[in-house]
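Here is a short report on two helices and some aromatic contacts. Please look at the model first.

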Amino acid sequence: MDKEEKKMSEYTAQDYKKSQPRWCPGCGDHFFLASLHKAMAEVGVAPHDIAVISGIGCSSRLPYYVNTYAMQTVHGRAASIATGAKVANPNLTVWQVSGDGDGLAIGGNHFIHAMRRNIDINMILLNNRIYGLTKGQYSPTSPRGFVSKSSPYGTVEDPFRPAELCFGARGHFFARAVATDAAGTVDVLKAAYNHKGAAVCEILQNCVIFNNGAYDPIYTKDGRKQNAIYVKHGEKLVFGVDNEYGLVQEGFGLKVVKIGENGITLDDILTHDAHCEDNTLQLKLAMMDNEHGFPVALGVIRDVDAPTYDASVAAQIEEVSAKKKYHNFMELLETNDTWEVI
């Protein structure tokens with residue numbers, strides 16, 4: 001069987017595995033890596049047609065553990081390197097992996113501009129709300145009052161909320177999953193691959209050493225049934241152990257209601273539209289949290305088509321080249337005046 005036939009039928013997660021991961025036992029990176037291997041196999045792109053690019057941090061060791069082209073770059077620069085790789089080779093499938101520190105602090109500028117430009121790369125943000133590799137300093141996503149080695153009396157800053165940052169940078173794709181939820185993670189990774197443009201996947205995970213329990217309400221299957229809502233395009237926004245709760249619009253906001261009480265029926269529950277150009281409702285879903293009495297939204301929250309930077313650059317090059325009098329170096333040399341030296 002040749003490589004093309006194998007691409008269509010026989011790749012397994014094992015084909016994308018490499019080396020023994022070196023993370024703390026129980027780290028969310030282990031869970032995510034297994035899901036990424038599985039998603040790659042289900043997508044079916046050959047390993048030699050994939051590049052996995054990271055910055056610096058615990059999660060940024062991931063390129064060592066995938067049997068693809070891979071590169072660990074410098075701190076905060078994963079998005080810029082991923083952009084260059086995609087523009088240079090538009091047929092390459094690029095996965096960019098960053099932590100919340102690497103991606104949103106020193107790499108924040110690259111993060112927002114990759115979305116604004118709509119580069120066709122899959123941007124994975126592994127968010128544990130802490131700097132793990134440098135031993136426990138607070139990160140751009142740590143909540144106000146968070147006690148850490150660099151904030152012993154609690155932070156006095158409000159955190160970035162990745163969804164808000166993505167939407168504010170005119171992002172066209174945003175999804176979220178919990179690292180321990182293999183099926184949910186694989187689903188959003190496959191959706192990110194199928195989206196043409198910058199696809200941001202926020203992966204919520206605990207750091208078992210420096211921030212264990214950060215996502216305890218939704219870190220187990222039973223917890224997610226009660227404290228999370230899986231959003232799917234075209235389906236009702238319901239949640240709960242028996243899908244007994246739903247979301248309705250109240251004024252300019254959302255409200256949790258119980259189906260069957262106060263005359264509420266399934267028809268009253270909002271339907272998720274991930275493809276809507278207007279991101280108002282999508283952002284409200286993405287910003288929900290348990291602290292304010294809402295479930296955490298998981299799944300593909302926004303997925304809207306738009307022109308991609310890399311495709312636009314390629315089309316522009318082709319258009320400009322067609323108008324030129326020369327198409328290779330020798331023709332360039334002969335375009336202007338020439339002299340023959342005797």
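Which residue follows α5, and is its phi positive or negative? N118 follows α5, with a positive phi near 65 degrees. This is a predicted model, in which local features need pLDDT of at least 70, side-chain atom pairs count only at pLDDT 80 or more, and totals for chains, interfaces and linings use all residues. Residues are numbered from 1 along each chain as its sequence is written, and side-chain values use heavy atoms, leaving out hydrogens and water.

**Helix α5.** In α5 (residues 108–117), the buried residues (under 20% relative accessible area, 1.4 Å probe, protein chains only) are G108, F111, A114 and M115. They cover an arc of only 135 degrees around the axis, so they sit on the same side of α5. That arc is taken from the directions from the helix axis to the C-beta atoms. Packing partners of these buried residues (heavy atoms within 4.5 Å) include α3 (78–88) and β4 (122–127).

**Helix α2.** Buried residues of α2 include F32, L33 and L36. They belong to a buried set that packs against β1 (50–54), β3 (93–99), β4, α7 (182–194) and β6. Just after α2, G44 has a positive phi of about 90 degrees.

**Rings.** Both W23 and Y65 are buried. Two charges sit over rings (NZ of Lys or CZ of Arg within 6 Å of the ring centre and within 35 degrees of the ring normal), as tabulated.

| Charge | Ring | Distance from ring centre |
|---|---|---|
| K196 | Y193 | 5.5 Å |
| R302 | F167 | 6.0 Å |

Technical notes. Buried means under 20% relative accessible area, exposed over 50%, partly exposed in between (1.4 Å probe, protein chains only). Helices (H or I, at least four residues) and strands (E, at least two) are DSSP runs, numbered from the N terminus.
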